[in-house]
Amino acid sequence: PVSGFTGQLPASLGNLKNLVQLEVFSNRLTDSLPTEWGALDKLQTLDIEYNPIDGSVPVEYSGMTSLREFYLSNTGIEGAVPEEVCADSLQFFVVDCNVVCTCCSRCVEEGTSGRAR
């Protein structure tokens, strides 16, 4: 939710081992996705859309084994998403066209343009 957060995405959130949902969309969070968040194995929803972050999705995010919804559109994220991140539990994966991954190739084949499954 819009809350006026600014600055870097805090790596310390990776210490919240029981975190299930993280929604920080529509803020002014910057920098890149912290690799430490990959330890959030109970996280089911990660929504960071509409933030001026950059970089790519770290391979460490394959540790998010419960992730069902991952929203990355309208960010500066680009490049290839590691195939390990596209777990069977992932039901919704929303990205921009400058992100390449096997999740997106499934959705493009289904004609949903940027939304997996």
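In the predicted model, Tyr61 and Phe70 are both buried, and the two residues form an aromatic pair with a tilted arrangement, in which the ring centres lie 6.3 Å apart and the planes enclose an angle of 35°. This pair is one of 2 aromatic pairs that the structure holds. The other is formed by Phe70 and Phe93, likewise tilted, with a distance of 5.3 Å from centre to centre and 50° between the planes. Both angles are assigned to the tilted class because planes under 30 degrees apart would count as stacked and those over 60 as edge-to-face.

Phe70 and Phe93 are both buried, and their pairing links distant parts of the chain, given that the two residues stand 23 residues apart. Phe70 belongs to strand β6, which covers residues 69-71, whereas Phe93 belongs to strand β9, which covers residues 92-94. Taken together, Tyr61, Phe70 and Phe93 form one aromatic cluster, with Phe70 taking part in the pair with Tyr61 as well as in the pair with Phe93.

A further site of interest is Gly55, which is found in strand β5, a strand made up of residues 54-55. With a relative accessible area of 32%, Gly55 is partly exposed, because this value falls between the limit of 20% for buried residues and that of 50% for exposed residues. When residues up to four places away in sequence are left out of account, Gly55 touches Gly76, Ile77 and Glu78. For Gly55 and Gly76, a separation of 21 residues in sequence goes together with a distance of 6.9 Å in space, taken from C-alpha to C-alpha.

At the level of the whole protein chain, the secondary structure consists of 1 helix and 10 strands, and the order of the elements from the N terminus on is β-β-β-β-β-β-β-β-β-β-α, so that the helix follows the strands. The protein chain comprises 117 residues, of which 38% count as buried; Tyr61 and Phe70, together with Phe93, are among the buried residues. Of the contacts in the protein chain with a separation of 6 or more, 39% are accounted for by residues 24 or more positions apart. The area exposed by the protein chain amounts to about 5,900 Å², and carbon and sulfur atoms supply 51% of this area.

How values were computed: Residues numbered from 1 in each chain as written. Predicted model: local features only at pLDDT ≥ 70, side-chain atom pairs only at ≥ 80, totals over all residues. Heavy atoms only, no water. Helix = DSSP H or I, 4+ residues; strand = E, 2+ residues; numbered from the N terminus. Buried < 20%, exposed > 50% of the residue type's maximum accessible area, 1.4 Å probe, protein only. Contact = heavy atoms within 4.5 Å. Phe/Tyr/Trp six-rings, centres within 6.5 Å; stacked < 30°, edge-to-face > 60°. Areas by Shrake-Rupley, 256 points an atom, 1.4 Å probe, with all protein chains shown as cover.
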